[in-house]
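Colleague: I would like to learn how to read this model. Can we take it feature by feature?

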Amino acid sequence: DRYRKTKDELFEFINEPVSGGTVGDAEGVSSQIWDDELAPVVKEIVMAADGRKAQDIVALRVSKCTSLTSFVVILCGNSRPQNQAIAASIRDSMKEAFVTTDDGDVGDGK
């Protein structure tokens with residue numbers, strides 16, 4: 001069947017060099033991570049996840065690779081209840097740290 005591909009064929013592009021330059025406005029991105037306006041949000045997420053014993057926490061700054069987002073946070077939990085506790089902790093931490101006012105504006109809650 002010509003539409004079926006092997007796993008190797010689907011992922012052979014991974015080892016190829018990226019062509020065509022970067023996506024988005026990479027020149028406008030500072031090389032200093034703490035210059036990014038979302039760095040405090042990422043720090044809060046990582047601290048909340050760590051407080052609930054999340055494992056293998058990785059925060060990747062991808063703003064030079066894509067204009068879709070600035071950071072990706074990856075982490076692991078050992079069970080569904082732990083994952084739910086981690087998610088609740090992150091959600092609560094975001095509400096406390098970055099309060100949404102009655103008129104819909106977001107402000108620094110600290």
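**Reading the model**

Modeller: Start with the surface. Strand E1 (55-61) and strand E2 (71-76) each supply at least two residues of the nonpolar patch. Keep in mind that this is a predicted model.

Colleague: Which residues make the nonpolar surface patch of about 280 Å²?

Modeller: Val 58, Leu 60, Val 72 and Ile 74 make it. Take Leu 60, which lies in strand E1. Its relative accessible area is 38%. Partly exposed falls between 20% and 50%, so Leu 60 is partly exposed.

Colleague: What is the mean pLDDT of E2, and which element has the lowest?

Modeller: Begin with the general idea. Where pLDDT is low, coordinates should not be read in detail. Now this case. E2 has the highest mean pLDDT among the elements, at 94. Helix H1 (residues 7-11) has the lowest, at 65. The protein averages 78, and 62% of the residues score at least 70.

Colleague: Now the loop between E1 and E2. Is Ser 70 buried or exposed?

Modeller: Apply the cut-off: buried means under 20% relative accessible area. Ser 70 has 17% relative accessibility, so Ser 70 counts as buried. This residue is found in the loop between E1 and E2.

Colleague: Which residues does Ser 70 touch, leaving out those up to four places away in sequence?

Modeller: Ser 70 touches Asp 36, Leu 38, Leu 60, Arg 61, Val 62 and Ser 63, with that exclusion. Leu 60 is in that list, and it also belongs to the nonpolar patch.

Colleague: On to the interior. Which residues make up the largest nonpolar core?

Modeller: A core joins buried nonpolar residues through their side-chain atoms. Here there are seven residues: Ile 45, Ala 48, Ala 49, Ala 54, Ile 86, Ile 90 and Met 94. Helix H2 (39-51) and helix H3 (80-97) are the elements that give two or more residues to this core.

Colleague: Why does Ala 49 count as buried?

Modeller: Ala 49 counts as buried because its relative accessibility is 0%, and the cut-off is under 20%. Ala 49 is found in helix H2.

Colleague: How far apart are Ala 49 and Ile 90, in sequence and in space?

Modeller: They are 41 residues apart in sequence and 6.3 Å apart in space, C-alpha to C-alpha. Not counting residues up to four places away in sequence, Ala 49 touches Ala 54, Ile 57, Leu 75, Ile 86 and Ile 90.

Colleague: And which residues does Ile 45 touch, with that sequence exclusion?

Modeller: Ile 45 touches Val 73, Ile 90 and Met 94. Ile 90 and Met 94 are also core members.

Notes
Residues numbered from 1 in each chain as written. Predicted model: local features only at pLDDT ≥ 70, side-chain atom pairs only at ≥ 80, totals over all residues. Heavy atoms only, no water. Core = buried A, V, L, I, M, F, W, Y, C linked by side-chain atoms within 4.5 Å. Buried < 20%, exposed > 50% of the residue type's maximum accessible area, 1.4 Å probe, protein only. Helix = DSSP H or I, 4+ residues; strand = E, 2+ residues; numbered from the N terminus. Contact = heavy atoms within 4.5 Å. Patch = residues over 30% accessible without salt bridge, like charges linked within 9 Å, V, L, I, M, F, W, Y side chains within 5 Å. Areas by Shrake-Rupley, 256 points an atom, 1.4 Å probe, with all protein chains shown as cover. Salt bridge = Lys/Arg side-chain N within 4 Å of Asp/Glu carboxyl O. pLDDT = per-residue confidence, 0-100.
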